[in-house]
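The following exercises are to be worked with the sequence and the predicted model at hand. Each task is followed by a solution in steps.

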Amino acid sequence: MGVGFFLPFCICGQPNESRLTKEQMKQDLDTLLQLLETSHPYSMGYSEPIEWSNAVQRAYDSSAVRARSNFEFSLIIGRLLQNLKDSHTQVSINGLWSQHLNKGYRFIPIKLSGNFVSKDLNQKIPLGSELISIASITLEKILEETAPLLLMEHDSFDGIQRQQDELFPVYSALLLLQKQERVDIQYKDTEGVIHEVSVPTWGKKEKDQYQKKNVELYNDLPKIEFYHDTAYIGISTFAPKKMAKQNRIIRRFFRSCQRKKINHLVVDLRDNTGGKSTEVEYLMSFLLEEGYNAPHNIIAKRSGLSDSRVKPLKNKFIRGFLRFTMRRNEDIQRYIELMSLPEGETDTLYFKKKIQQKKWIFQGEKNLWVNGLSASASVDFTQAWKKNQLGTIWGQCIMGNRLGTFGNAATTSLPQSKINVSIATIRYNYSQEFEFYSPNLCPEIRVENSFENIVNGTDAYWSAYRKKI
């Protein structure tokens, strides 16, 4: 069913906002399609031509029904872009969330695992309780209405569930809440008894205070632990704010593994949505003696949007200076080549150099933990792990396959609605096969969050791993 058929019944949380006219929405859709045509290396992504054509028509038809709020229009755009099945090309969730909080709007600080509450910062709902409704709107209806905001990467079904779990505070807030300081929640406890409780909502102030008190939870540097004969390293991003520090931590970790004579390694890429290829190469260099080259090649289209990612390189003098002074930096040289292309032209850029370590290569048993939010650069790392048969992969199917992904998303604001959208500007390939279609990568050992894990707040992956060893 097209998005236009259910949006008139949307329980949107922005009823007092000004509405976008039909003509304004048409203008923004025109702009979006033009941006895809001029900036995306394959403007239909994974979609078939007839599938994409129908999706475009549905978006225009939905916009022609009536005036809509920004949030309602973002759902139309989200549904359209989902047809690309390219997780880099999307309505910016961060943009919607920032706008929501900056308006003084509120949210409910709970997270889910399926239908069950796995975190409640208000401590009003027991963990493991089944969420029934918020403000008399059922959980099923909330998930149905916000489905167009979910990111897709080919057949990333586990990714959909992980997003619904992790981002439920965002989706439910965008749909239901403005400045309500309390909201009624109905839930069923672990004994099957139904309760209704009034819970306080949070705003930007409460969110910032919580993050300040729990700063370590938001640290994007690697998490390291040693348990007897097992070493654990969790990499939350391949684009940390302090890359040099991340690399020092990784190097010290593998040096410690060798000195402690560790025989079992766990690399944790759960919820790692990507980053830089050089960071993938660096981590892999401690696992493969011959090193690893990432990517094999990229297919890139030169456009104003792609230029916005590397504005200094638009200057010919700067390009010439870097071409000479950074001639050993393969990444910079390839992007100088891209910036030298005429606007609108597409080219394939190849990468050959590998990062290699002279020592500290881990020789013991290796395990990789991934989930439905392991995406982009994490997909690159996972396919290299699998291709080189480095060890057991645990968890869920990830947001990508063994062939490649899109990447280098650039964000722009649509002129009428001011909705931020991200658009991929490259196709990132792991080999020279130049194929798109392959099943998403899945683990050898599947790990599910059990009811016991939810109630006790324990980690399902550690539970499964300890049972094995």
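**Exercise 1.** Determine how many of the 13 residues of α4 are buried, and check the length of this helix.

*Solution.* Step 1: eleven of the 13 residues of α4 are buried, and the helix is thus mostly covered. Step 2: the buried residues are Phe71, Glu72, Phe73, Ser74, Leu75, Ile76, Ile77, Gly78, Leu80, Leu81 and Gln82. Step 3: helix α4 covers residues 70-82, and at 1.5 Å a residue its expected span is 18 Å. Step 4: the C-alpha atoms at its ends lie 18 Å apart, which agrees with the expectation.

**Exercise 2.** Establish how the axes of α7 and α8 are arranged, and which residues make the contact.

*Solution.* Step 1: the axes of helix α7 (residues 157-166) and helix α8 (residues 168-176) come within 5 Å and cross at roughly 70 degrees. Step 2: angles of 65 to 115 degrees count as roughly perpendicular, and α7 and α8 are therefore roughly perpendicular to each other. Step 3: α7 contributes Gln163, Gln164, Asp165 and Glu166 to the contact, while α8 contributes Phe168, Pro169 and Tyr171. Step 4: sorted by character, the residues of this contact are three nonpolar, two polar and two charged.

**Exercise 3.** Decide whether Phe436 is buried or exposed, and describe its surroundings.

*Solution.* Step 1: Phe436 is found in the loop between β18 (426-429) and β19 (445-446). Step 2: its relative accessibility is 12%; since buried means under 20%, Phe436 counts as buried. Step 3: leaving aside neighbours within four places in sequence, Phe436 is in contact with Tyr42, Gly45, Tyr46, Asn401, Leu403, Phe406 and Arg427. Step 4: for one of these, Asn401, the separation from Phe436 is 35 residues in sequence and 8.6 Å in space, C-alpha to C-alpha.

**Exercise 4.** Classify the ring pairs Phe406 with Phe436 and Tyr428 with Tyr430.

*Solution.* Step 1: the model has a count of 25 aromatic pairs. Step 2: among them, Phe406 and Phe436 lie 5.7 Å apart, centre to centre, with 85 degrees between the planes, and the pair is edge-to-face. Step 3: this pair links distant parts of the chain, as Phe406 belongs to strand β15 (residues 404-407) and is 30 residues from Phe436. Step 4: Phe406 and Phe436 are both buried. Step 5: for Tyr428 and Tyr430 the ring centres are 5.9 Å apart and the planes stand at 75 degrees, so this pair is edge-to-face. Step 6: Tyr428 and Tyr430 are likewise buried.

Terms used:
Residues numbered from 1 in each chain as written. Predicted model: local features only at pLDDT ≥ 70, side-chain atom pairs only at ≥ 80, totals over all residues. Heavy atoms only, no water. Helix = DSSP H or I, 4+ residues; strand = E, 2+ residues; numbered from the N terminus. Buried < 20%, exposed > 50% of the residue type's maximum accessible area, 1.4 Å probe, protein only. Contact = heavy atoms within 4.5 Å. Axes fitted to C-alpha atoms, helices over the stretch in contact; angles between N-to-C directions. Parallel < 35°, antiparallel > 145°, perpendicular 65-115°, else oblique. Nonpolar A, V, L, I, M, F, W, Y, C, P; charged D, E, K, R; others polar. Expected span 1.5 Å × (residues − 1). Phe/Tyr/Trp six-rings, centres within 6.5 Å; stacked < 30°, edge-to-face > 60°.
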